[in-house]
Amino acid sequence: KALARRAEQARKAADERDRKEKAEEAAKVLAAQERTTKAQKAEQEAKAAAERGVKAKAEEAEKVKVAAERASKHQAEQAAKRLRDQKEYFKKGEVLLDDKEWDDALAAFKKSEELGLGTLDLLYNLGFTHYMLKDYGPAKKYYRAILDQDPRDTDVRYNLARIYEKEKDWDNAIREYQAILKFDPDDAGSRDRLELLKAARDMVQ
């Protein structure tokens, strides 16, 4: 009987060890599963955060693009309006010039200039309008600006020569008439003016 009890006790002890080992193994498996689950969850959260970041950057980039397109469109509209206004003021100035409304014509041409127009025609009209208003300083400035771009413009040189005559600046007037005859030897009017000025200068001297 004693042997039978010891055998029973040994069996029970073995069973208990098996249960403990199984329980410990189950606990290890569960812990490993939990760690895996946490790692997967962390990975998913990181991925979701990255996707949100990418989306946020894409949205910000789109906002910047839209803002740039709006700004570009606005600039284009402003530029188009400025060009229209340049032409309108220039045409208005020409009408006033034909009507000999010198002050109003000058104001219109100046407005066109302020809006960025810088054509030779505008420079000529500004110079001529100042000339008709006997405002010779600005007239010479605009005429010289034309000659810087087109030295062969004999009409401008003739007007400039006439200004120098009115200012009794005989030498500069003579130089302008000489330049005209260099480009247009058949200009009889300039040749006559040149001879008269030379004679007048000689008399003064």
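Here are some short exercises on the structure above, each with a worked solution.

This is a predicted model, in which local features need pLDDT of at least 70 and side-chain atom pairs count only at pLDDT 80 or more, while totals for chains, interfaces and linings use all residues. Residues are numbered from 1 along each chain as its sequence is written, and side-chain values use heavy atoms, with hydrogens and water left out.

**Exercise 1. Describe the overall fold and dimensions of the protein chain.**

Step 1: Start with the secondary structure. The protein chain has seven helices and zero strands; helices (H or I, at least four residues) and strands (E, at least two) are DSSP runs, numbered from the N terminus.

Step 2: Look at the extent. Along the principal axes, the C-alpha atoms fill a box of roughly 165 × 35 × 25 Å.

Step 3: Set the radius of gyration against the globule rule. The chain has 48 Å, whereas a compact globule of 205 residues would have a value near 17 Å. The radius is taken over C-alpha atoms, and the rule is 2.2 Å times the number of residues to the power 0.38.

Step 4: Turn to burial. Of the 205 residues, 23% count as buried, where buried means under 20% relative accessible area, exposed over 50%, and partly exposed in between (1.4 Å probe, protein chains only).

**Exercise 2. Find which elements build the largest nonpolar core.**

Step 1: Apply the definition. A nonpolar core is a set of buried Ala, Val, Leu, Ile, Met, Phe, Trp, Tyr and Cys residues joined through side-chain atoms within 4.5 Å.

Step 2: Locate the residues. The largest such core has 31 residues, and among those with the most contacts inside it are Phe109, Leu126, Ile163 and Tyr177.

Step 3: Assign them to elements. Those giving two or more residues include helix H1 (2–98), helix H4 (136–149) and helix H7 (188–204). H4 provides the largest share, six residues.

Step 4: Zoom in on one member. Leaving out residues up to four places away in sequence, Ile163 touches Tyr131, Tyr136, Ala139, Lys140 and Tyr143; contact means heavy atoms within 4.5 Å.

**Exercise 3. Decide whether Asn159 and Ser190 are buried or exposed, and list their partners.**

Step 1: Place Asn159. This residue lies in helix H5 and is buried, with a relative accessible area of 11%.

Step 2: List its contacts. Apart from neighbours within four places in sequence, Asn159 is in contact with Tyr124, Phe128, Tyr131 and Tyr143.

Step 3: Do likewise for Ser190. This residue sits in helix H7 and counts as buried at 0% relative accessibility. Not counting residues up to four places away in sequence, Ser190 touches Tyr158, Tyr177, Ile180 and Leu181.

**Exercise 4. Sort three salt bridges by where their partners lie.**

Step 1: Recall the cut-off. A salt bridge is a side-chain nitrogen of Lys or Arg within 4 Å of a carboxyl oxygen of Asp or Glu. The structure holds seven of them.

Step 2: Take the pairs within one helix. Asp85 and Lys81, with closest N and O atoms 2.9 Å apart, both lie in helix H1, four residues apart. Glu113 pairs with Lys110 at 3.1 Å, and these two are three residues apart in helix H2, about one helical turn.

Step 3: Take the pair between helices. Asp171 and Arg201 meet at 2.9 Å, N to O. This pair links distant parts of the chain, with Asp171 in helix H6 and Arg201 in helix H7, 30 residues apart.
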